Amino acid sequence: MKRILSIAILITCCVLSGHTQTPLRVIMIGAHPDDCDQDGGGTAILLSSMGYAVKFVAVTNGDAGHQSEGGGMLAKRRFAEAQEAGKRFGVTYDVLDNHDGELVPSLDVRLQVIRKIREWNADVVIAPRPNDYHPDHRYTGVLVQDAAYMVAVPNVAAETPPLRKNPVFLYFQDFFQRPNTFRPDVAIDITSVFDKKVHALDAHASQFYEWLPWIGGYSDQVPANVADRKKWLATNRAIRLTPEVKKSLEKWYGSEKAAAIKHAEAFEVCEYGTQPSDDDLRRIFPMLKK
Ligand SMILES: [Zn+2]
């Protein structure tokens, strides 16, 4: 009993002195089973290793993302790849059964998204901005924006209890210029887990070694040998550090530390949902704590 009491006191002290962080619940929502992986995978690895509950959701089943496969068989293959990637990232991976390449921001899909956010009891939701070349990405952005207030409205999707606290909504980084550029409000150093991220991306063989090289016209660059493939993937999938992201890294990590950062993932705060202060962002991303 005494021991239990002293452990309880120790835990309380740690919490009060800020040494431990209450693990939060994060849901990343992408259009396809590989989108969250590329845009937020390193951050997901870091958060899940801190005890956070992290879920990836693909709003479509990916059944159009291949040059010689398609339909149900491709959807099955991509589901299996997503599950393997989820294991490697340390997240659970849900795939919604909507057709790839045909996503529209319908009421039906909006309700699916609302339910996913509620069921995960999310503190933080991360999704694409609604300005992207790919309609599925664009409409995933719209769908999550459309859900951002409705997740708290009890009479919408009434069978799934509403969230009592509106989550913080963030956008993944993109490089589109119009109508406005991405603003890196927060940037996370993922250098220490970059190799792990690449290992997890490697689970999506149908995408990174087959489909994307084919549609991008660089199939001839994909190495045949497994070890060389991963090395190639690390170069192929590294996210460029823009001057704006570097500035954000300096803000959060200090200029000395920031100068050594090789890989980062940045996020913009969405103006819907709970608006976080800098201290709130440090609580959400404890790796930023000074
Ligand atoms: Zn995609």
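Two worked exercises on a predicted model follow, one on a helix pair and one on cysteines.

**Exercise 1. Describe how helix 4 and helix 5 pack: give the crossing angle, the handedness and the contact residues.**

Step 1. Locate the helices. Helix 4 spans residues 107–119, and helix 5 spans residues 135–150.

Step 2. Take the axes. They come within 9 Å and cross at roughly 60°.

Step 3. Classify the angle. Roughly perpendicular starts at 65 degrees, and roughly parallel ends under 35. Helix 4 and helix 5 are therefore oblique to each other.

Step 4. Assign the hand. The crossing of helix 4 and helix 5 is right-handed.

Step 5. List the contacts. Helix 4 supplies Val109, Arg110, Val113, Ile114, Ile117 and Arg118. Helix 5 answers with Leu143, Val144, Asp146, Ala147 and Met150.

Step 6. Sort these residues by type. Eight are nonpolar, three are charged and none is polar.

**Exercise 2. Find how many disulfides the model holds, and explain the count using Cys36 and Cys270.**

Step 1. Recall the bond. A disulfide is a covalent bond between the sulfur atoms of two cysteines.

Step 2. Set the cut-off. The two sulfur atoms must lie within 2.5 Å.

Step 3. Test Cys36. The closest cysteine sulfur to its own is in Cys270, 16 Å away, which is too far for a bond.

Step 4. Test Cys270. Its closest cysteine sulfur is in Cys36, again at 16 Å and too far for a bond.

Step 5. Count. The result is zero disulfides.

Step 6. Check the surroundings. Buried means under 20% relative accessible area. Cys36 is buried at 0%. Cys270, at 2%, also counts as buried.

Notes: Residues numbered from 1 in each chain as written. Predicted model: local features only at pLDDT ≥ 70, side-chain atom pairs only at ≥ 80, totals over all residues. Heavy atoms only, no water. Axes fitted to C-alpha atoms, helices over the stretch in contact; angles between N-to-C directions. Helix = DSSP H or I, 4+ residues; strand = E, 2+ residues; numbered from the N terminus. Parallel < 35°, antiparallel > 145°, perpendicular 65-115°, else oblique. Left-handed = near helix turned anticlockwise from the far one by under 90°. Contact = heavy atoms within 4.5 Å. Nonpolar A, V, L, I, M, F, W, Y, C, P; charged D, E, K, R; others polar. Buried < 20%, exposed > 50% of the residue type's maximum accessible area, 1.4 Å probe, protein only.
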